[in-house]
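Biologist: I would like a close look at one part of this protein. Please pick a strand, and walk me through its surroundings step by step.

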Amino acid sequence: MENVVANPFRVTSVTRAVPRAAHRGPWRTFRAAAAMLAAAAVLAVAGCTSQDGLAATVNNGTGSTSVDERIVEISAEKRGEPVVFAGVDERGNPVSSDEFAGEVYVVNFWYAACGPCRVEAPLLEEVWQTYQPEGVGFIGVNIYDQPATALSFAEDYGITYPSVIDIVDGKTKLAFAAVTPIQATPTTLVMDRQGRVAARIIGQLPAASILSTLVADALAESQ
């Protein structure tokens, strides 16, 4: 089970439900990075709404390891059904889950007035630029703004991937919320090649390296 911790200012543990023997090297680096982030994170607000905090656990009794309980990596057998969505981006272009078929991709829920969304925006773009050549997709889901506001945000923060404008009916968020908790804005999901949620970050992304590790793990899985 995923643990819930009330304090949003402590950095301590990613529930990892994959074999501990796998990816030992990246996870040693990941654990070390999370520990270094602990001191800094007490000064930052993790998200724009009420959300879980971070607590230190290494083994939750289910064969998984945890580095940050706001950050959960889900074993393949527990990922549930693929997420199917369709919408229109800030430029009026249609976008759907079909575009990411067979690909690892990242989904970020955000809106322009969200402080943590602004802080993490350059980190998301950094990961996008790193993994775009490997075929990883990125899509934002703007849950509040009109297209002009989303376009202005992208220009101000150098964001080059599109965002679904979801303010009218919220259908895109609902499609993802049907299979995974989306308890705060921002929330970032890593999707596997089958279109299932492989990892979830609730609240502000602490560092680009954390998302990079989750994306690399998803890429390393057999197709």
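Modeller: Start with the whole. This is a predicted model, and its secondary structure comes to 5 helices and 9 strands. From the N terminus on, the order is β-α-β-β-β-β-α-β-α-β-α-β-β-α. Of the 223 residues, 52% count as buried.

Confidence comes next. The mean pLDDT is 78, and 69% of the residues reach 70 or more. Residues 1-46 stay under 50, although the model has 111 contacts there beyond four places in sequence. The pLDDT is also below 50 over residues 49-67, a stretch with 76 contacts beyond near neighbours in sequence. Where pLDDT is low, the predicted coordinates should not be read in detail. We leave those stretches aside.

Now the strand: β9, residues 197-202. Here 6 of the 6 residues are buried, so β9 is largely enclosed by the rest of the structure.

Which strands pair with it? Strand β2, residues 71-73, is joined to β9 by 3 bridges, and the two run antiparallel. In this pair, E73 stands opposite A199. Strand β8, residues 187-191, is joined to β9 by 5 bridges, again antiparallel. In that pair, L189 stands opposite R200.

Look at the turn between β8 and β9. The hairpin has 5 residues between the strands, and G195 takes a positive phi near 80 degrees. Most residues other than glycine have a negative phi, and most peptide bonds are trans. There is a cis bond to note as well: it joins T185 and P186, with omega about 5 degrees. P186 lies in the loop between α4 (171-177) and β8.

D192 is found in the loop between β8 and β9. Is D192 buried or exposed? Its relative accessibility is 1%, and the cut-off for buried is under 20%, so D192 counts as buried. Beyond residues up to four places away in sequence, D192 touches R79, E103, V104, A198 and E221. One of these, A198, belongs to β9, which spans residues 197-202. The chain also brings a distant residue here: P82 is 110 residues from D192 along the chain, yet their C-alpha atoms are separated by 9.0 Å.

Next, the core. In soluble globular proteins, nonpolar side chains tend to be buried together. The largest nonpolar core here has 32 residues, and V104, V127, V136, F138, V190, L211 and V215 touch the most other members. Strand β9 is among the elements that give two or more residues to this core, along with β5 (105-110), α2 (115-131), α3 (147-157) and α5 (208-220). Helix α5 gives the most, with 7 residues. A second, separate core of 18 residues includes V72, V83, Y105 and M191.

Take V136 as one core member. Leaving out residues up to four places away in sequence, V136 touches V104, Y105, W128, Y131, V215 and L219.

Finally, two helices that give residues to the largest core, α2 and α5. Two packed helices are described by the angle between their axes and the distance between the axes. The axes of α2 and α5 come within 9 Å and cross at roughly 35 degrees. Their crossing is right-handed. On the α2 side, L123, L124, E126, V127 and Y131 make the contact; on the α5 side, A208, L211, S212, V215, A216 and L219 do.

To recap, β9 is largely enclosed, pairs with β2 and with β8, and gives residues to the largest core.

Notes: Residues are numbered from 1 along each chain as its sequence is written. Side-chain values use heavy atoms; hydrogens and water are left out. pLDDT is the predictor's confidence in each residue, from 0 to 100. Contact means heavy atoms within 4.5 Å. Buried means under 20% relative accessible area, exposed over 50%, partly exposed in between (1.4 Å probe, protein chains only). Helices (H or I, at least four residues) and strands (E, at least two) are DSSP runs, numbered from the N terminus. Two strands pair if DSSP finds at least two bridges between them. A nonpolar core is a set of buried Ala, Val, Leu, Ile, Met, Phe, Trp, Tyr and Cys residues joined through side-chain atoms within 4.5 Å. Axes are lines fitted to C-alpha atoms, for helices over the stretch in contact, and angles run from 0 to 180 degrees between N-to-C directions. A crossing is left-handed if the near helix is turned anticlockwise from the far one by less than a right angle, and right-handed if clockwise.
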